[in-house]
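Welcome! Below are some exercises, each with a worked solution. Have a look at the structure, try each task yourself, and then read on.

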Protein chains: 2
Amino acid sequence: MKSPYGLQIIESCLICPMRKRQLFCDLPRPALERLDAISSSATYPKAAILFVEGQEARGVFVICHGRVKLSASSADGKPLILRIAEAGEVVGLPGTISGKPYGAIAEALEPIQANFIRREPFLQFLREYGEVALRVAEILSDIYYATYQEVRYLGLYRSAAEKLAQFLLDQASAHEKNGREFRTTLTLTHHEIAQIIGTSRETVTRLFADFKRKHLIEVHGSVLVIKNKASLEEVLET
Amino acid sequence: MKSPYGLQIIESCLICPMRKRQLFCDLPRPALERLDAISSSATYPKAAILFVEGQEARGVFVICHGRVKLSASSADGKPLILRIAEAGEVVGLPGTISGKPYGAIAEALEPIQANFIRREPFLQFLREYGEVALRVAEILSDIYYATYQEVRYLGLYRSAAEKLAQFLLDQASAHEKNGREFRTTLTLTHHEIAQIIGTSRETVTRLFADFKRKHLIEVHGSVLVIKNKASLEEVLET
DNA sequence: CCATTAGTGTGACTATTGTCACAGGCAGAC
DNA sequence: GTCTGCCTGTGACAATAGTCACACTAATGG
């Protein structure tokens with residue numbers, strides 16, 4: 001099979017290598033087969049739009065490869081990034097469950113493969129497999145917590161410095177390895193970070209320079225190293 | 001039975017007058033009986049704390065009477081109101097489903113009656129009644145949308161005027177009667193509104209005065225009348 | 001019925017940060 | 001190679017709105 005956009009194609013959920021790691025894939029065999037039957041896999045190029053804000057919810061996308069940016073736009077067109085969904089995560093779920101329009105724009109950050117499941121068969125599937133409905137509730141909780149985290153960035157921290165410090169600590173703890181030196185790969189641009197924490201690109205750039213100057217962090221290419229976690233946490237208390 | 005805090009007590013979900021209107025109460029008979037068996041009703045005085053941020057999720061509260069304020073606090077103690085849950089709504093659900101600690105503080109805005117359901121029996125109940133799990137997923141979607149709305153207030157609107165205008169329009173459309181003149185009862189103080197839209201109490205007061213001066217709104221006691229919806233919407237575009 | 005508290009109204013000052021403007025670096029396209 | 005576009009870095013300036021301070025009014029409670 002040809003492989004567009006250089007992706008490794010996953011033929012079926014039944015043989016998906018992520019089955020154990022994530023979400024829907026970790027289901028009993030009959031449910032998995034049924035899910036496979038109502039899913040349709042597709043690949044999308046970078047910057048492809050899966051759906052837009054206000055559009056009627058047609059169904060959910062389960063991401064197999066790549067990352068998807070979920071954002072909302074203000075009247076003047078300035079976008080705000082709600083969350084970045086990674087492989088294994090689900091997008092469009094709240095809209096599909098509730099029947100309300102999608103709340104955000106979903107855009108592929110890189111070439112992606114995703115399974116699309118139309119709303120009606122999906123809801124029917126959930127009615128038949130009650131344990132999967134509970135799994136869906138868990139996923140919705142996770143999405144809620146991610147959005148709640150976004151509220152914290154936007155509302156709870158007084159200064160832009162606090163927001164960025166918290167963001168960097170969150171990134172590091174999400175990918176935490178050992179307890180000593182925190183490091184993570186940061187694939188987001190200053191502009192994107194600004195859109196997540198709700199500030200301007202220039203402010204992020206300035207704060208990065210500031211944090212480096214104070215030896216709180218180091219950046220080597222796309223690798224972020226938190227040199228002084230304690231001091232970075234102190235920024236939150238001022 | 002004595003009725004503390006002047007509340008009308010609802011003895012059982014089976015005879016709850018809100019059954020048809022809301023949520024869990026609208027369930028088939030066997031499920032409802034089972035739910036009733038694992039629920040324990042209680043009343044709380046004004047300002048009672050149902051749970052706090054970071055506390056292990058013990059279970060969910062279904063509000064029968066009164067309103068509950070869900071808020072998060074910053075390091076310096078400034079609270080941010082996430083949502084106001086009304087009678088028929090559920091609080092503590094995301095934490096209970098996911099097993100993560102509660103994300104917010106839940107405080108009674110007035111004397112309330114609520115049913116508490118412990119986590120383990122609740123999850124067991126959901127496993128047995130798959131259709132209720134789907135209902136829970138819908139409720140989680142609603143909670144998600146409410147939180148998403150909060151993100152919009154905090155992140156998408158540039159000026160405090162835009163935030164307040166959007167807030168007032170949301171309030172009015174939530175309680176919309178006819179299409180002509182929009183009015184709603186606003187039981188929140190300027191301080192609380194400020195904590196919802198992420199600004200200061202003084203700014204809210206000033207903006208209210210400003211909107212009144214421009215004849216966009218009128219306030220008679222706790223009744224808010226939107227005189228000029230179009231102009232209020234224009235505020236959003238500037 | 002008075003006292004105490006919560007809520008509202010308003011002025012003055014300040015500062016954080018958004019905006020604009022521009023420059024240099026780096027990567028991919030051709 | 002060099003061109004073009006995206007990302008980062010930095011200065012200058014303005015302004016929105018936060019903070020503090022205080023006055024006034026409406027409730028609530030003994």
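**Exercise 1: The axis**

Which residue of chain B comes closest to the rotation axis?

Solution. Keep in mind that this is a predicted model. Begin with the general idea: two copies of a chain are related by a rotation about an axis and a shift along it. Here, a turn of 180° with a shift of 0.0 Å along the axis lays chain B on chain A, and the RMSD is 0.0 Å. That is why the relation is one of a two-fold axis. Now look along chain B for the residue closest to this axis: B:Gly130, whose C-alpha lies at 1.8 Å.

**Exercise 2: Where the chains meet**

Find how many residues each chain brings to the contact, and describe the side that belongs to chain B.

Solution. Start with the count: chain A brings 37 residues and chain B brings 37 residues. Next, ask which elements of chain B take part. At least two residues each come from β5 (79-85), α2 (93-98), α3 (119-128) and α4 (130-156) of chain B. Among these, α4(B) gives the most, with 21 residues. Then sort the residues on this side of chain B by class: 21 are nonpolar, eight are polar and eight are charged. Finally, compare the two sides. Of the interface residues of chain B, 100% are also interface residues in chain A, so the copies meet through the same surface.

**Exercise 3: Around the DNA strands**

Work out which helices lie around DNA strand D, and then do the same for DNA strand C.

Solution. Take DNA strand D first. There are 16 residues around it, and those that come nearest are A:Thr189, A:His190, B:Ser159, B:Thr199 and B:Ser200. Both chains take part: α6 (190-197) and α7 (201-213) of chain A, and α5 (160-174) and α7 (201-213) of chain B, each supply at least two residues. The most come from α7(A), with six residues. By class, this surface has four nonpolar, eight polar and four charged residues.

Now turn to DNA strand C, which has 17 residues around it; A:Ser159, A:Thr199, A:Ser200, B:Thr189 and B:His190 come nearest. At least two residues each are supplied by α5 (160-174) and α7 of chain A and by α6 (190-197) and α7 of chain B. Here α7(B) gives the most, with six residues. The classes are four nonpolar, eight polar and five charged.

**Exercise 4: Strands in chain A**

Identify the strands that pair with β11(A), and say in which sense they do so.

Solution. One partner is β9 (residues 182-185) of chain A, which pairs with β11 (residues 223-226) in the antiparallel sense over four bridges. In this pairing, A:Thr184 stands opposite A:Leu224. Another partner is β10 (residues 217-220) of chain A, also antiparallel to β11(A) over four bridges. There, A:His220 stands opposite A:Val223. To see how β10(A) leads into β11(A), look at the turn: the two strands form a hairpin with two residues between them, and A:Gly221 in the turn has a positive phi of about 65°.

**Exercise 5: One leucine**

Decide whether A:Leu32 is buried or exposed.

Solution. First locate A:Leu32: this residue sits in helix α1 (residues 29-38) of chain A. Then count its C-beta neighbours inside 10 Å. There are 20, and therefore A:Leu32 counts as buried. As a last step, follow the chain for 71 residues to A:Gly103, where the C-alpha atom is separated from that of A:Leu32 by 28 Å.

Notes:
Residues are numbered from 1 along each chain as its sequence is written. Chains are lettered from A and ligands numbered from 1 in the order in which they are written. This is a predicted model: local features need pLDDT of at least 70, side-chain atom pairs count only at pLDDT 80 or more; totals for chains, interfaces and linings use all residues. A residue is buried if 20 or more other C-beta atoms lie within 10 Å of its own, exposed if 12 or fewer, and partly exposed in between; C-beta atoms are placed from the backbone. Two residues are in contact if their C-beta atoms, placed from the backbone, lie within 7 Å. Ala, Val, Leu, Ile, Met, Phe, Trp, Tyr, Cys and Pro count as nonpolar, Asp, Glu, Lys and Arg as charged, and the others, Gly among them, as polar. A residue is near a molecule or strand if its C-beta atom, placed from the backbone, lies within 6 Å of it. Two strands pair if DSSP finds at least two bridges between them. Copies are superposed by least squares on the C-alpha atoms of residues with pLDDT of at least 70 in both.
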